[in-house]
Structures are given as C-alpha cells and as structure tokens.
Amino acid sequence: VLKEGALLTGVFNRLARSCFYGVAVKEGDEAAHRTGCIPAGAPDPRVVEASEQAVLAFERAMHTFEFHHALGVCDEYLRAANKRWSDASKAAKAAQKDDQAAGDALMHQALVDAFLELRVATVLMHGIVPAGCELICEHFDIALEAFFSWEHVLDSTDALVESLGEKPGTHRVKELPPRFDFFSY
C-alpha cells in the first residue's frame, strides 16, 4: 500500500503537475511553451513505443485478471515517464542558458512527450484511482467520455485534440493552482 501511495502522490502527481505547470502562462516568462495550451507536435518515437507497450501489457494483465501485474505495468511506465521528463526538462533548461530558442524547442518536445505519457497513464490508472484521474482529465479540459475512451488511447495528443474539432496547439488546459495534489481527497 505504501508503494502504491508513493506512486500516486509522488511519481504520478509529479508528472501531472509538471505538464500543467510547464505550459502555464507566467508573468515575466516569455518562453514559447508558456501558452496555457497543450503543445502540438509529434512525440518522440521512443515515447510512442513505450506508451504502446504499456497499454498492451496492461490490457493483457487485465484480461487475465492479474491486477497486481497491471499495476506494476503502470508503476514502471510512470517512473520511466518521470525520468524522461526530468532528463528532458533539465537538458532544456541547461540549453536555454546558451540559446533561448534551442532551449524552448527542447522544452516544447519534452512537454509534447510528457503530455502523451500523462494521458496514457491517466487512462490506464482510471480504474484504480478514478477520482484523481478524473481530476487530471478535468485539467486537460476534455470531456470524460473522449479522454477515457480506449478508442483514442494510442492516438497522439494532436490526434485527440483534432478529434475534438480543435487545431493542435490551441487546446487550453485548466489552470492548476499552486502545490495542487491530484490524489489528496
């Protein structure tokens, strides 16, 4: 129980906050990714592959009622997503010191990747922690039916936004209050 609690309040919560705070408009911060919108762009192929493998492994485990294994898939996926985010965002911040445009491009890609991973993880974890996952969905500002549809689970974030009738890069997220915790209810 403690391990699963740490996964939710630490790893999963950190990824969600990083995404929403990462695109939040901040006074005095002119970074190109601070638009208040989910960034448009193709995710890194390694992120797509990791997401597809997690979804397939999760489905296999759930089909055979191996709930502990399904949760283990989510744990591994979320920890890897958090590590990718941490490494990519640090690289972007380091690059910004020398070249703002290069740093902004790296941060944009890090956010594209992280938003895809967050969405996939939220869909996978929905049956396990529905209230927290629905709060994440609320901040994506996408209807529950569309967000949690397994029909779209492997779609890119751009494809999901387009299915809503919007242009990628223009879908606004709901602003996240400071120090928000998706799993403290």
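Reader: How many aromatic pairs does the structure hold?
Author: Bear in mind that this is a predicted model, where local features need pLDDT of at least 70, side-chain atom pairs count only at pLDDT 80 or more, and totals for chains, interfaces and linings use all residues. Numbering starts from 1 along each chain as its sequence is written, and side-chain values use heavy atoms, with hydrogens and water left out. Rings of Phe, Tyr and Trp (its six-membered ring) pair if their centres lie within 6.5 Å, and the planes count as stacked under 30 degrees apart, edge-to-face over 60 and tilted for the rest. For this structure, the number of aromatic pairs is 10.

Reader: Okay, take Phe-20 and Phe-140: what kind of pair do their rings make?
Author: The ring centres of Phe-20 and Phe-140 sit 5.4 Å apart. Their planes are at 85°, so the pair is edge-to-face.

Reader: How many residues apart in sequence are the parts that Phe-20 and Phe-140 tie together?
Author: Helices here are DSSP runs (H or I, at least four residues), numbered from the N terminus, and strands are runs of E of at least two. Phe-20 lies in helix α1 (residues 2-23) and Phe-140 in helix α5, so the pair ties together parts whose separation in sequence is 120 residues.

Reader: Is Phe-140 buried or exposed?
Author: The cut-offs are under 20% relative accessible area for buried, over 50% for exposed and in between for partly exposed (1.4 Å probe, protein chains only). Its partner Phe-20 counts as buried at 2%. Phe-140 has a relative accessible area of 0%, so it is buried.

Reader: Which helix holds Phe-115, which pairs with Phe-140?
Author: Phe-115 and Phe-140 are edge-to-face too, at 5.6 Å centre to centre with 85° between the planes. Phe-115 is itself buried at 0% relative accessibility. The pair ties together parts that are 25 residues apart in sequence, because Phe-140 lies in helix α5 and Phe-115 in helix α4 (residues 100-125).

Reader: Which residues form the aromatic cluster?
Author: Phe-20, Phe-115 and Phe-140 from the pairs above are among its members. The full cluster is Phe-20, Phe-115, Phe-140, Phe-147, Phe-148, Phe-180 and Phe-182.

Reader: On to charges. How many salt bridges does the count come to?
Author: A salt bridge is a side-chain nitrogen of Lys or Arg within 4 Å of a carboxyl oxygen of Asp or Glu. By this rule the count is 6.

Reader: Which residue forms a salt bridge with Arg-79?
Author: Arg-79 is partly exposed at 36% relative accessibility. Its partner is 4 residues away in helix α3, so about one helical turn separates the two. The closest N and O atoms are 2.7 Å apart, and the partner is Asp-75.

Reader: And which residue forms a salt bridge with Glu-117?
Author: Glu-117 counts as buried at 1% relative accessibility. The closest N and O atoms of the bridge are 2.6 Å apart. Glu-117 lies in helix α4 and its partner in helix α3, so parts 33 residues apart in sequence are tied together. That partner, partly exposed at 28%, is Arg-84.

Reader: Is Arg-34, which meets Asp-29 in a salt bridge, buried or partly exposed?
Author: The two side chains meet at 2.7 Å, N to O. Asp-29 is partly exposed at 30%. Arg-34 has a relative accessible area of 17%, so it is buried.

Reader: Which backbone oxygen does the side chain of Thr-64 reach at 3.1 Å?
Author: Thr-64 lies in the loop between α2 (45-63) and α3 (67-98), and is partly exposed at 43%. One backbone oxygen that its side chain reaches, at 3.3 Å, is that of Ala-61. The one at 3.1 Å belongs to Arg-60.

Reader: Where is Asp-141 found?
Author: Asp-141 has a positive phi of about 60° although it is not a glycine. It is partly exposed, with a relative accessible area of 48%. Its place is the loop between α5 (130-140) and α6 (144-147).

Reader: Zooming out, what radius of gyration does the protein have?
Author: The secondary structure comes to 7 helices and 0 strands. The radius is taken over C-alpha atoms, and the globule rule is 2.2 Å times the number of residues to the power 0.38. With 185 residues, a compact globule would come out near 16 Å, which agrees with the protein's 16 Å.

How values were computed. A polar contact is a pair of N or O atoms within 3.5 Å; within protein, one must be able to donate a hydrogen and the other to accept it, and residues adjacent in sequence count only if both atoms are side-chain atoms.
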